[in-house]
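Work through these exercises with the model open beside you. Each task is followed by a stepwise solution.

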Amino acid sequence: METKDTHCSWPRPGEAGPGPAEPPRRRRPARVLPRREALFVLVVAALTVGLWFAPTGFEERLPADAVQVKARVLAVDDAHVRQYGIVREGEQRVTAEPLSGPFAGRPIVADNLLLGKLEFDKVFAPGDTALLVLSLRNGEIVSAVAQDHWRLTLQGALLGLFALALAVYAGWTGVKAVLSFMFAALLLWKVLVPLFLRGFDPLFVVLGVLAVLMAGIVFLVGGLSRRSLAAYLGSLGGVAVTCLLSLATSRGFALPGAVMPFAETLLYTGYAHLNLGRMFLAAICLGASGAIMDVAMDVAASQSEVAAHHPDIGPWPLCLSGLRVGRVVVGTMATTLLLAYCGGGLALLMVVMAQGVPLVNVATMPHVAAEIANTLVGSFGLVTAAPLTAVAGGMLLRGRARLATGRP
């Protein structure tokens with residue numbers, strides 16, 4: 001009796017033979033980065049909380065007997081307000097009721113001085129919410145000033161909505177982005193500004209603060225990875241080039257530091273010893289740093305994706321891929337800087353246009369020349385950050401791709 005060999009390896013008619021045996025796949029080692037990233041997030045969160053409670057050293061300049069309260073405006077008296085065309089001068093009497101604190105529910109008459117400057121003057125109406133500054137003596141109100149409209153409620157609501165939108169859209173990355181936002185804001189307010197006021201060299205201060213700030217932002221959002229390291233190195237290089245170029249062109253632009261808003265006011269408040277010229281150069285580096293980080297992270301992220309899909313890619317092709325992406329990104333980001341600075345000086349451009357001032361005169365005006373310097377010098381930082389990131393990513397991410405697949 002003939003038996004059927006069920007273990008025959010020959011193919012049946014019409015069937016293809018077995019293909020070549022696939023090499024066994026090596027399992028990726030278990031990732032330990034999430035634990036390290038969680039620890040890093042906790043460290044940055046602790047630093048953020050510490051910065052929130054850290055004193056700046058300038059709190060003692062506030063009067064000890066001054067109290068700030070939120071109040072609802074009940075009535076206004078414009079009898080001493082004089083109208084001159086579109087501006088107002090004089091004193092508006094505001095009757096307001098504090099909404100919290102020991103004086104809650106007690107009507108208080110506050111002064112609102114009008115200087116005839118639209119950018120500083122504020123006019124209240126019944127139903128508005130105002131910030132009152134109360135001067136006390138022996139626990140009683142001596143005088144009150146309607147400082148400004150109360151905007152913290154709306155600002156807090158927008159900040160919360162922004163954080164929620166980031167968390168919903170980007171998940172854990174969005175939460176880290178919100179933390180990096182708060183860390184950067186507190187680092188600027190609690191470290192950079194006080195050091196400027198104490199007379200430290202603005203350029204060295206801004207370089208040191210940006211090195212810490214960019215590390216927090218890049219490694220929080222991008223994670224503790226070689227991709228983030230490449231973006232961080234490219235960002236540092238772009239900011240360094242921006243600072244060096246601002247120093248090299250400062251004499252040619254011949255721009256006084258007083259061209260910055262409120263710079264003259266700063267001198268008159270007891271800080272005439274400050275070097276406003278160096279502060280202006282530091283402001284150029286600070287203003288361009290955000291766009292530089294964006295360019296560096298875009299290039300590094302694109303290289304990371306290429307390396308993940310093509311593990312055998314070498315450092316030079318990966319570098320070329322980053323350079324090609326950087327060309328496109330830099331082109332749009334340079335325009336972004338132009339639009340940002342033009343948005344801040346739009347009213348000035350309209351004034352000179354309305355008066356028929358020639359373009360040559362406009363370009364040499366101090367305020368316009370300052371914005372041109374910001375745009376051009378910052379754009380050089382962008383152009384430099386892209387290739388630096390591409391080179392760093394080509395060296396770092398190529399090694400990461402081969403390590404992930406277990407290839408030598």
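**Exercise 1. Place V295 and decide whether V295 is buried or exposed.**

Step 1. V295 sits in helix α7. Helices (H or I, at least four residues) and strands (E, at least two) are DSSP runs, numbered from the N terminus.

Step 2. The relative accessible area of V295 is 0%, so V295 is buried. Buried means under 20% relative accessible area, exposed over 50%, partly exposed in between (1.4 Å probe, protein chains only).

Step 3. Beyond its neighbours within four places in sequence, V295 contacts V329, V330, M333, L382 and A386. Contact means heavy atoms within 4.5 Å.

Before going on, note the ground rules. This is a predicted model, in which local features need pLDDT of at least 70 and side-chain atom pairs count only at pLDDT 80 or more, while totals for chains, interfaces and linings use all residues. Residues are numbered from 1 along each chain as its sequence is written, and side-chain values use heavy atoms, with hydrogens and water left out.

**Exercise 2. Which residues does T389 touch, not counting residues up to four places away in sequence?**

Step 1. Locate T389: helix α11, residues 366-405.

Step 2. Check burial. T389 counts as buried because its relative accessibility is 0%.

Step 3. List the partners: A230, A231, G234, S235, A296, V299, A300 and Q303.

Step 4. Relate T389 to V295. Their C-alpha atoms are 8.7 Å apart in space, with the two positions 94 residues apart in sequence.

**Exercise 3. Describe how α4 packs on α5.**

Step 1. Take the axes of α4 (residues 202-222) and α5 (residues 226-253): they come within 10 Å and cross at roughly 155°. Axes are lines fitted to C-alpha atoms, for helices over the stretch in contact, and angles run from 0 to 180 degrees between N-to-C directions.

Step 2. α4 and α5 are therefore roughly antiparallel. Angles under 35 degrees count as roughly parallel, over 145 as roughly antiparallel, 65 to 115 as roughly perpendicular and the rest as oblique.

Step 3. Name some of the contact residues. They include L203, L207 and L210 in α4, and L229, A231 and Y232 in α5.

Step 4. Sort the contact by class: 15 nonpolar, three polar and one charged residues. Ala, Val, Leu, Ile, Met, Phe, Trp, Tyr, Cys and Pro count as nonpolar, Asp, Glu, Lys and Arg as charged, and the others, Gly among them, as polar.

**Exercise 4. Repeat the analysis for α4 and α7.**

Step 1. The axes of α4 and α7 (residues 276-309) come within 10 Å and cross at roughly 20°.

Step 2. That angle makes α4 roughly parallel to α7.

Step 3. Among the residues that meet are F204, L213 and I217 in α4, and M279, C285 and M293 in α7.

Step 4. By class, this contact of α4 with α7 has 16 nonpolar, two polar and one charged residues.

**Exercise 5. Is Q147 buried or exposed?**

Step 1. Q147 belongs to strand β5, residues 140-149.

Step 2. Neither word fits: Q147 counts as partly exposed, at 39% relative accessibility.

Step 3. Outside its neighbours within four places in sequence, Q147 contacts K122, L131 and V133.

**Exercise 6. Where does pLDDT stay under 50?**

Step 1. Start with the mean pLDDT of the protein, 85; 89% of its residues reach 70 or more. pLDDT is the predictor's confidence in each residue, from 0 to 100.

Step 2. One stretch under 50 is residues 24-33, with four contacts beyond four places in sequence. Residues 400-408 are also under 50, with 14 such contacts.

Step 3. Where pLDDT is low, the predicted coordinates should not be read in detail.
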